[in-house]
Each structure stands twice: as C-alpha cells, then as structure tokens.
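Here is a friendly set of notes to read with the viewer open. Take the points one at a time and find each residue as you go.

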Amino acid sequence: MRLRKKHWAIPEMKENPYVYFDAAEYKGKWKEVFENSNKIHIEIGAGKGAFIQELARRNKNINYVIIEQESNAFVYATRKIIEEKLENVRALPINAEKINEYFDKEEIDRIYINFCNPWPKLRHQKRRLTHPRFLVQYREILKKDAEVHFKTDDLDLFNDSLKYFEDNKFKIMKCTRNMKLEDYPENIVTEYENKWRSKNIPICYGVFRIEK
C-alpha cells in the first residue's frame, strides 16, 4: 500500500543545511563542501538512513553522501544528520539515474547499494541500480580501484548483477549468496536486512572493484 505523502518532508529538508537540492553545482567540488580531503563514499537508496548513521559514526575520517528520491523516508535520514551531529554526511534528494551530473570523474572512492528495488519484470530491469546503464556512470565517477558494495535479499537480482558487473569490467572481490554475520563482523544490519533474516531469507553480498 502506498504511504500517504508527507507534505512537510520537503520543506523540512530545505531547512536542513546538510541537504542539497541544487547538488549539480557542486560537481567536482565535494571536498570543498566537506572542507577536507577525506575519501568520499556514496550510499544510493539510503531510505531512513540507519546504515549511514552507523557507518558515519564509525568512520569520522570518511565523508558520506546519501542519495534517495523518496522524501517520505529520506526526511528521517536527513533529520538523523542533525540529531546525531554527523558532520561528515551530506544528503541529496535526487534520482540516481543521472548520478554523473552530480559528481565529477574519479571523485568518489566507494558506492554502497543496500536492498534496492529488484525490478523483476524484464521491461523494468533497466531501473535496477546495478544495471549496466548505471554501472557506466559509476565507472565515470569512481576512482581507480574503487569499490561497489552490494547487498540484497533477491537472488535473481544478485545473479543478474554478477553478470552486469563482470560485463562492465568490475572485478568480483567478494561474493556470497548466504552472508553469515559471524563471517562479516563489520557488517551493519539494516532494517530491511533484519526483516529478511528474521524470515530466514539468505542475504546476498558482493564487493566489486573497478578496473580501469
């Protein structure tokens, strides 16, 4: 069921100094935005922000940019930035379809994609965040040897994505179709991940390194 639109979400985000609605003008200037030369990691499809909230706490020396087009969820992620004083996080309420309009060539060190929409119907698969039309853009903005970290509960999406990455010259560094928590102590269990694990649905996880 579609959630009722929160009409207060966008006005609230526009009052948040960590949210950038005009992000394209900062292309190539994100180190200036953060006022340091730390590495920049992106999460595409940040939802309510639980993943990045914990990640930013653990790694104060890394800058994070979170991307999400659904304002109903994203407003809570942006609120966390202020409440938790996450000064190393910036938020972009945008559609990732044209991500290379917001980041310059080789400006980004890592991309995270967690539990994105699997778009199972063939006519919709080009919307997948791991589809080749996205990977082409990721290749532009990622530095040499940078990585994409990908988690999903959808096995078909994962298997298709393995081919997408290989065909687009990403090297598979890690690959599991049943991610055991004891094997990945650094893993951050998101709301979606906890939901699927509670139903005994295996979690697929891959790390893909760009080759240039």
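1. Start with W30 and its contacts. Leaving aside neighbours within four places in sequence, W30 is in contact with Y20, A23, I40, L92, Y102, F103 and E107. Please keep in mind throughout that this is a predicted model. You will find W30 in helix 2, which covers residues 30–34. The side chain of W30 also reaches the backbone oxygen of Y102, at 2.9 Å. As a contrast, try L129: the C-alpha atoms of W30 and L129 are separated by 22 Å, and the two residues are 99 apart along the chain.

2. Is W30 buried or exposed? W30 has a relative accessibility of 0%, so it counts as buried, since the cut-off for that is under 20%. Y26 has a relative accessible area of 22%, which makes it partly exposed.

3. Now look at the aromatic rings. The structure holds 11 aromatic pairs. One of them joins Y26 and W30, with 5.8 Å from centre to centre and 45° between the planes, and this pair is tilted. In the pair of F165 and F170, the ring centres are 5.3 Å apart and the planes stand at 80°, so that pair is edge-to-face. Planes have to be over 60 degrees apart to earn that name. Both partners are buried: F165 has a relative accessible area of 0%, and F170 has one of 3%. Y26 and W30 also belong to a cluster, which Y20, Y26, W30 and F103 form together.

4. Some rings have a charge over them. Find K14 and F21: the charged end of K14 sits over the ring of F21, 5.6 Å from the ring centre. Then return to F170, where R139 lies over the face of the ring, at 5.9 Å from its centre.

5. Helix 6 deserves a slow look. This helix runs over residues 155–167 and has 13 residues. From its first C-alpha to its last, helix 6 reaches 19 Å, close to the 18 Å expected at 1.5 Å a residue. At its N-terminal end, D154 acts as a cap, with a side-chain oxygen 3.2 Å from the backbone nitrogen of D156. Just after helix 6, K169 takes a positive phi of about 65°.

6. Which residues of helix 6 are buried? They are L157, F158, S161, L162, Y164 and F165. These residues cover an arc of only 165° around the axis, so they lie on the same side of helix 6. A general rule is handy here: an α-helix has 3.6 residues a turn, so residues three or four places apart point the same way. On the other side of helix 6, D156, K163, E166 and D167 are exposed. The buried residues pack against helix 5 (132–141), strand 5 (142–152), strand 6 (170–176) and strand 7 (204–210).

7. Pick out F158 as an example from helix 6. With 0% relative accessibility, F158 counts as buried. Not counting residues up to four places away in sequence, F158 touches F150, T152, C175, T176, R177, C204, Y205 and G206. One of these partners, R177, is 19 residues from F158 along the chain, and their C-alpha atoms are separated by 8.1 Å.

8. Helix 3 (residues 50–58) has buried residues too, namely F51, I52, Q53, L55 and A56. They pack against several elements, including strand 1 (39–44), strand 2 (62–67) and helix 4 (71–83). In helix 4 you can find S71, which counts as buried at 8% relative accessibility. Beyond residues up to four places away in sequence, S71 touches K5, A9, I10 and M13.

9. Where is N88? N88 is in the loop between helix 4 and strand 3, and with a relative accessible area of 6% it is buried. A polar atom of the N88 side chain lies 3.0 Å from the backbone oxygen of I62. Not counting residues up to four places away in sequence, N88 touches F34, A56, N59, K60, I62, N63 and Y64. Among these, A56 is one of the buried residues of helix 3.

Conventions. Residues are numbered from 1 along each chain as its sequence is written. This is a predicted model: local features need pLDDT of at least 70, side-chain atom pairs count only at pLDDT 80 or more; totals for chains, interfaces and linings use all residues. Side-chain values use heavy atoms; hydrogens and water are left out. Rings of Phe, Tyr and Trp (its six-membered ring) pair if their centres lie within 6.5 Å; planes under 30 degrees apart count as stacked, over 60 as edge-to-face and the rest as tilted. Buried means under 20% relative accessible area, exposed over 50%, partly exposed in between (1.4 Å probe, protein chains only). A charge sits over a ring if NZ of Lys or CZ of Arg is within 6 Å of the ring centre and within 35 degrees of the ring normal. Helices (H or I, at least four residues) and strands (E, at least two) are DSSP runs, numbered from the N terminus. The expected span of a helix is 1.5 Å times one less than its number of residues. The arc is that of the directions from the helix axis to the C-beta atoms. Contact means heavy atoms within 4.5 Å. A polar contact is a pair of N or O atoms within 3.5 Å; within protein, one must be able to donate a hydrogen and the other to accept it, and residues adjacent in sequence count only if both atoms are side-chain atoms.
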